[in-house]
Amino acid sequence: MKYKSTRNEKIRVAGAQAIVQGLSAEGGLFVPEKLPSVSESDILSLCQKSYAERAFEIFKLFLTDFGDEEIRNCVTKAYGDNFDTENIAEISHLLTGTYILELWHGPTCAFKDMALQILPHLLTVSAKKTVPDKKIAILVATSGDTGKAALEGFKDVEGTTISVFYPEDGVSDMQKRQMATQEGGNVFVCAVKGNFDDCQNGVKAIFTDKGIAEELNKKGIILSSANSINWGRLCPQIVYYISAYAELIKNEEIKCGEKINIVVPTGNFGNILAAYYAKEMGLPVNKLICASNSNNVLTDFIKTGIYDRNREFYTTISPSMDILISSNLERLLYHLSGEKTEEINKWFGLLKEQGKYEVSQDVKSRLSQLFYAGCCNDSETKAAIKECFESYSYLMDTHTAVAYKVYGDYKRETGDNTKTVIASTANPYKFGAAVYSAVGGSSEGIDEFAVIERLEKKTGTSIPLPLASTKNKEVRFKGVIEREKMPEAVVDFLNEQK
Ligand SMILES: *Cc1c(COP(=O)(O)O)cnc(C)c1O
């Protein structure tokens with residue numbers, strides 16, 4: 001299996017190369033040359049397997065340049081007791097036929113663990129194949145969930161280091177605490193005076209600085225990133241949709257071959273794109289339902305075929321979806337356009353220059369066959385949390401609540417009774433203040449830990465251990481620096497590591 005670029009027809013690279021590189025040289029994204037397929041009997045054969053074994057079978061289809069032992073090693077390290085449930089991804093029921101796929105049982109309580117627990121292992125194997133004898137230095141700019149999930153994934157992984165920068169006042173208290181107490185001998189965390197864009201620009205400046213690259217190269221270090229356009233993050237996300245389907249068959253909730261809907265709270269379009277790939281591979285899926293918060297650029301796009309980022313940006317209570325440019329959409333449009341790189345170059349050129357493009361009629365009609373899209377503001381999100389908790393005693397986080405609300409709209413609008421899986425992307429305690437307020441509490445004047453303790457009392461649910469334990473952990477990283485000092489901070493850290 002080779003990977004090609006969405007922006008240059010001529011490029012073909014192996015899986016390991018795609019993972020080490022992240023992005024194709026001309027700026028395109030790597031996509032599989034030809035999607036592998038899964039038959040009904042393939043799916044049935046997964047039913048009695050563990051999550052790690054299911055992951056092994058799917059990865060084998062995509063990473064044909066990896067040996068079986070290499071893949072087995074990666075999945076065993078990634079999906080074990082670092083998750084708080086043996087099933088890795090747990091399925092909860094609301095009503096008959098409505099299932100919540102809990103993707104947050106990993107060490108940071110958000111769905112990004114599903115991919116970032118395995119990416120470091122995929123990356124070290126890939127590096128051995130493509131850039132042997134090099135150490136990999138990961139750089140991350142984060143506005144919250146990604147930084148912590150990447151730190152947990154890369155901590156103490158041999159041959160790697162990780163440096164994370166976050167905006168001093170741009171993350172929640174809990175997120176800050178989670179990062180500042182990070183354990184591991186190869187990790188560096190630092191706050192930056194400025195906003196997320198400053199952090200992002202600072203990281204980009206390090207990546208493009210030839211002097212730094214040369215200096216590091218002499219020491220046998222290459223820089224890499226862990227962001228969500230890397231194929232090594234997408235592939236693990238395909239696994240949980242196929243695994244969930246197998247699990248529903250095993251639990252006699254569905255028959256093999258029966259179609260399901262999948263609802264996904266969407267930001268950068270990575271999670272829902274994985275569901276699309278699973279469908280294209282042969283998983284019986286009816287509609288893909290794309291749920292957005294007030295930053296509803298995708299809702300408009302799926303409805304009209306016009307992508308327009310020229311609009312107000314809202315800071316919401318579902319911050320991991322506060323995004324106006326969804327990078328992974330490029331992969332979907334590449335496939336829907338019939339893999340026409342010239343169309344992709346045209347549209348994404350326009351996006352860069354004018355912030356706006358319109359896709360062809362063909363792509364529009366494919367979009368509306370495959371997807372339903374809807375959005376939801378903060379007060380609707382809170383109302384959804386309250387309603388779901390009162391009806392089913394099930395407490396959702398703010399992102400999952402957006403999906404729940406949009407699914408309700410879909411059902412009312414279409415009358416479709418197809419069984420449905422809602423992707424749940426974070427534990428509710430990760431966004432404790434908003435969730436507490438949704439169920440009628442007030443967090444005014446009390447700290448993050450007091451809030452989640454009250455939420456626990458009020459709802460009879462429990463604070464997950466990884467969040468509770470940060471209370472008593474040592475704060476290791478107190479640094480706050482100017483953006484201009486970021487290169488120096490990274491180089492100093494890497495020098496100490498040697
Ligand atoms: C990252 C994230 C999302 C958005 O996922 P995408 O793959 O970027 O669409 C949704 N919810 C939570 C909690 C997240 O951390």
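**Exercise 1. Salt bridges between separate elements**

With which residue does E70 form a salt bridge, and how far apart are the closest N and O atoms? Locate both partners in this predicted model and classify their exposure.

*Solution.*
Step 1. The partner of E70 is K129, and the closest N and O atoms of the salt bridge lie 2.9 Å apart.
Step 2. E70 belongs to helix α4 (residues 68–78) and K129 to helix α6 (residues 119–130); with their positions 59 residues apart, the pair links distant parts of the chain.
Step 3. Partly exposed residues fall between the limits of 20% and 50% relative accessible area. E70 has a relative accessibility of 29% and therefore counts as partly exposed. K129, at 35%, is likewise partly exposed.

**Exercise 2. A salt bridge from a loop to a strand**

Identify the salt-bridge partner of E33 and describe where the two residues lie.

*Solution.*
Step 1. E33 is paired with R12, with 2.6 Å between the closest N and O atoms.
Step 2. E33 sits in the loop between β3 (30–32) and α2 (40–46), whereas R12 is in strand β2 (residues 12–14). The two are 21 residues apart, and their contact links distant parts of the chain.
Step 3. The relative accessible area of E33 is 35%, which makes E33 partly exposed. R12 is also partly exposed, at 39%.

**Exercise 3. A pair in two exposure classes, and a network**

Determine whether K155 and E152 are buried or partly exposed, and then name the members of the salt-bridge network that includes E380.

*Solution.*
Step 1. The side chains of K155 and E152 form a salt bridge with an N to O distance of 3.1 Å.
Step 2. The cut-off for a buried residue is a relative accessible area under 20%. E152, at 15%, is therefore buried. K155 has a value of 27% and is partly exposed.
Step 3. The network of salt bridges links E380 with K405, D409 and R412.
Step 4. Over the whole structure, the search returns 21 salt bridges.

**Exercise 4. The surroundings of strand β10**

Describe the burial of strand β10 and its pairing with β11 and β15.

*Solution.*
Step 1. Strand β10 covers residues 260–265, and six of its six residues are buried.
Step 2. The side chains divide into two sets: I260, I262 and V264 point one way, N261, V263 and P265 point the other way, and all are buried.
Step 3. β10 runs parallel to strand β11 (residues 285–292), to which it is joined by five bridges. Within this pairing, V263 has I289 as its bridge partner.
Step 4. β10 also runs parallel to strand β15 (residues 420–424), here with three bridges. N261 has T420 as its bridge partner in β15.
Step 5. Together with helix α12 (residues 270–281), β10 and β11 make a right-handed β-α-β unit.

**Exercise 5. An open sheet and its edges**

State the strand order of the five-stranded open sheet and identify its edge strands.

*Solution.*
Step 1. The order is β9-β6-β7-β8-β16, and the pairing is parallel.
Step 2. The edges are formed by β9 (221–225) and β16 (480–481); each has a single partner strand, so one side of each lacks a neighbour in the sheet.
Step 3. Inside this order, six bridges connect strand β6 (residues 135–141) with strand β7 (residues 160–167). I136 is opposite T160 of β7.
Step 4. Beyond the edge strand, E482 occupies the loop between β16 and α22 (486–497). E482 is partly exposed, at 38% relative accessibility. Its C-alpha atom is 7.8 Å from that of G194, although the two residues are 288 residues apart along the chain.

**Exercise 6. Helix packing and helix burial**

Characterise the packing of α3 against α4, and account for the enclosure of α14.

*Solution.*
Step 1. Helix α3 (residues 51–62) packs on α4 at an angle of about 140°, with 9 Å between the axes. This angle makes α3 oblique to α4.
Step 2. The crossing of α3 past α4 is right-handed.
Step 3. In helix α14 (residues 329–336), eight of the eight residues are buried, so the helix is largely enclosed by the rest of the structure. Among them are the charged-letter positions E330 and R331, along with Y334 and H335.
Step 4. After α14 comes G338, which has a positive phi near 80°.

Key: Residues numbered from 1 in each chain as written. Predicted model: local features only at pLDDT ≥ 70, side-chain atom pairs only at ≥ 80, totals over all residues. Heavy atoms only, no water. Salt bridge = Lys/Arg side-chain N within 4 Å of Asp/Glu carboxyl O. Helix = DSSP H or I, 4+ residues; strand = E, 2+ residues; numbered from the N terminus. Buried < 20%, exposed > 50% of the residue type's maximum accessible area, 1.4 Å probe, protein only. Pairing = 2+ DSSP bridges. Right-handed = clockwise from strand over helix to strand, strands pointing away. Axes fitted to C-alpha atoms, helices over the stretch in contact; angles between N-to-C directions. Parallel < 35°, antiparallel > 145°, perpendicular 65-115°, else oblique. Left-handed = near helix turned anticlockwise from the far one by under 90°.
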